[in-house]
Amino acid sequence: MEKGGVHPTLLESWLVGRSLARELPVPVAVQGAFRVDTQSEAELRRWVFPAGDPRISVLGHRIANPREPIKACVDDTELADLLPSRWDVQATGHFMLCRGPCASAALPQGFVTRVEGNGEAGKVEITSGEGVLAARGYWGQAAHAFVYDRILVEPAYRRCGLGRALMGMLGQHRRDETVPQLLVATDEGRLLYLALGWEVLSPYSTAFWRPEGR
């Protein structure tokens, strides 16, 4: 089982890069957590903790809104133990880090890339020769980390090297090779990143408040 918890500075750096990649407000440190005011239709804000913390329980008793998820770098069992029973907890990912160059591969023949963005953030799209989206990913360049975000290879185009090629193209935008590379992976994505030289630092779990009657 993965051990939970990451250094608060590392978590903040990931959240800053993620916010840049998604054009969101930067995180704000609040009582052991980082609050991101996402203000989207699905989510008002999120609270992210670097580790298990008694203040998660305090926050869980205060919030009564399914649009304010609580997230933490712990496994789902530990997060559930810290929250009241009205919270539904999911194991949603793995907090990962790459310390050196991320392994990559050449783009397979027949695919076309398009890059949009600036020095701080942007995206790479890979399309087939017919113009169908095959893969895409975003980057965010924080002061102390380079963040990969929303990496996707469409099912019809998996297992042909697009994931490796996409990660390499995103990584080319890292200005400072001394800063860590960070991402949060799904179970499926974790296998790719491990093969590319990444390591898992912590599980990453999410809890949603459940309205009465659900």
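Let's start in the loop between β1 and β2, which is where Q31 lies. This is a predicted model, and in it Q31 has a phi near 50 degrees, a positive value in a residue other than glycine. Is Q31 buried or exposed? Its relative accessibility is 60%, so it counts as exposed.

E23 tells a similar kind of story. It sits in the loop between α1 and β1 (28-30), and although E23 is not a glycine, its phi is positive, at about 55 degrees. With 76% relative accessibility, E23 counts as exposed, since the cut-off for that label is over 50%. Here are the two side by side:

| Residue | Phi | Relative accessibility |
|---|---|---|
| E23 | about 55 degrees | 76% |
| Q31 | near 50 degrees | 60% |

E23 also comes right after helix α1. That helix has 15 residues and spans 21 Å from its first C-alpha to its last, close to the 21 Å expected at 1.5 Å a residue. Its buried residues are L10, L11, S13, W14, L15, G17, R18, S19 and A21, so the list holds R18 under the cut-off of under 20% relative accessible area.

**Aromatic pairs**

Now for the rings. A pair of aromatic rings is described by the distance of the centres and the angle of the planes. How many aromatic pairs are there in this model? The count comes to 6. In one of them, W14 meets F95 edge-to-face, with 5.7 Å centre to centre and 75 degrees between the planes. This pair links distant parts of the chain: W14 belongs to helix α1 (residues 8-22) and F95 to strand β5 (residues 87-98), 81 residues apart. W14 and F95 are both buried.

F111 and Y157 make another edge-to-face pair, at 5.9 Å centre to centre and with 80 degrees between the planes. F111 is in the loop between β5 and β6 (112-117), while Y157 is in the loop between β9 (146-153) and α4 (162-171), so the pair ties together parts that are 46 residues apart in sequence. Both F111 and Y157 are buried.

There is also one aromatic cluster, formed by F146, Y148, Y193 and W198. A charged group meets a ring elsewhere: R150 lies over the face of Y138, 3.7 Å from the ring centre.

**Around strand β3**

Which way do the side chains of strand β3 (residues 46-49) point? R46 and V48 point one way, W47 and F49 the other, and all are buried. Strand β2 (residues 33-36) runs antiparallel to β3 and is joined to it by 3 bridges; V36 has R46 as its bridge partner in β3. Strand β4 (residues 70-72) runs parallel to β3, again with 3 bridges, and here the bridge partner of V48 is K71. Add helix α2 (residues 54-62), and β3, α2 and β4 make a right-handed β-α-β unit.

**The nonpolar core**

Finally, the largest nonpolar core has 25 residues, and the members that touch the most others are Y148, M167, L183 and W198. Two of these names, Y148 and W198, come up in the aromatic cluster too. Which elements give two or more residues to this core? They are β5, β7 (121-127), β8 (133-141), β9, α4 and β10 (181-185). Helix α4 gives the most, with 6 residues.

Note on methods:
Residues are numbered from 1 along each chain as its sequence is written. This is a predicted model: local features need pLDDT of at least 70, side-chain atom pairs count only at pLDDT 80 or more; totals for chains, interfaces and linings use all residues. Side-chain values use heavy atoms; hydrogens and water are left out. Rings of Phe, Tyr and Trp (its six-membered ring) pair if their centres lie within 6.5 Å; planes under 30 degrees apart count as stacked, over 60 as edge-to-face and the rest as tilted. Helices (H or I, at least four residues) and strands (E, at least two) are DSSP runs, numbered from the N terminus. Buried means under 20% relative accessible area, exposed over 50%, partly exposed in between (1.4 Å probe, protein chains only). A charge sits over a ring if NZ of Lys or CZ of Arg is within 6 Å of the ring centre and within 35 degrees of the ring normal. The expected span of a helix is 1.5 Å times one less than its number of residues. Two strands pair if DSSP finds at least two bridges between them. A crossover is right-handed if, with the strands pointing away from the viewer, the path from the first strand over the helix to the second runs clockwise. A nonpolar core is a set of buried Ala, Val, Leu, Ile, Met, Phe, Trp, Tyr and Cys residues joined through side-chain atoms within 4.5 Å.
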